[in-house]
Amino acid sequence: MHEDGNGDAHRGAQDMTPSGADQEFLALERELTVLLRRARANQGEMAREVHPDLESSAYGLLIRLDECGGQRATELAGYIGVGKATMSRQLRALEELGLIAREPDPADGRAWLVTLTEEGRGRVGKVREARRARYVRQLAHWDRREVAELARLLNQLNGVMER
């Protein structure tokens, strides 16, 4: 591969598969597939650690509320990428488990904010701390700058995929 005067890269024939796909993007697809499969399995484990009856898909909602505080249901649905009906069902289940509460939005009395209860915050915090400790153990041989770079690149990828 070489770049022309404008910085544009031209691919050599050795960098392409017979189908014309870039090797780098095939490797990215393969690694993301493995990562996502493992992440789904881990998410299920973490959800059960928060509460045995918690659906795997609801774990992300709890994390969002833990990090961002109160959110409207429509904001949560947009962030997670689900419809209003799915979000309502998940929120109802979380409320029945005592992990979230709804309170009036101080900025708009007609709207409601979803927040973690003290029970929810405690359970989520305990699971998140255990997960961070597991990452520390698994990546102990990595340089901290590599961990920071991985986090930066994943954040960048998530931003692109959000669009």
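Two residues count as being in contact here when they have heavy atoms within 4.5 Å of each other. With that cut-off in hand, let's walk through this predicted model, starting from a single side chain.

Take Leu 62. Which residues does Leu 62 touch once its neighbours within four places in sequence are left aside? The list is Val 50, Leu 54, Leu 94, Leu 99, Ile 100, Leu 116 and Val 124. Several of these names come back when we look at the largest nonpolar core, a set of 21 residues. Those with the most contacts inside this core are Val 50, Leu 54, Leu 62, Leu 91, Leu 94 and Ile 100. Helix 1, helix 2, helix 3 (73-80), helix 4 (84-96), strand 4 (108-116) and helix 5 each bring at least two residues to the core. Helix 2 gives the most, with five residues.

That makes helix 2 a good place to stop for a moment. Its buried residues are Tyr 59, Leu 61, Leu 62, Ile 63 and Leu 65. They pack against helix 1, helix 3, helix 4, strand 3, strand 4 and helix 5. Just after helix 2 comes Gly 69, with a positive phi near 80 degrees.

Now turn to helix 1, which covers residues 23-50. How far apart should the ends of its 28 residues be? At 1.5 Å a residue, the helix should span 40 Å, and its end C-alpha atoms are 40 Å apart, so the expected and modelled spans agree. Buried along helix 1 are Leu 32, Gly 44, Met 46, Ala 47 and Val 50. Their cover includes helix 2 (59-68), helix 5 (118-138) and helix 6 (144-162).

Strand 4, which we met in the core, also has a partner. Strand 3 (residues 100-105) runs antiparallel to strand 4, and six bridges join the two. In this pairing, Pro 104 stands opposite Trp 112 of strand 4. The two strands form a hairpin, with two residues between them.

Finally, let's look at the open space. The largest pocket has a volume of about 2700 Å³. Among its 45 lining residues, Leu 35, Ala 39, Tyr 135, Leu 154 and Asn 158 are the closest to its centre. Which helix supplies the largest share of the lining? That is helix 6, with 15 residues. Helix 1, helix 2, helix 3, helix 5 and helix 6 each supply at least two residues of this lining. Helix 2 therefore appears twice on our tour, as the element that gives the most to the core and as one of the helices that line the largest pocket.

Methods: Residues numbered from 1 in each chain as written. Predicted model: local features only at pLDDT ≥ 70, side-chain atom pairs only at ≥ 80, totals over all residues. Heavy atoms only, no water. Helix = DSSP H or I, 4+ residues; strand = E, 2+ residues; numbered from the N terminus. Expected span 1.5 Å × (residues − 1). Buried < 20%, exposed > 50% of the residue type's maximum accessible area, 1.4 Å probe, protein only. Core = buried A, V, L, I, M, F, W, Y, C linked by side-chain atoms within 4.5 Å. Pairing = 2+ DSSP bridges. 1 Å grid on protein atoms, 1.4 Å probe; cavity = no way out; pocket = protein on both sides within 12 Å on 5 of 7 lines; lining within 4 Å. Points joined across faces, edges and corners; volume = space filled by probe spheres on them.
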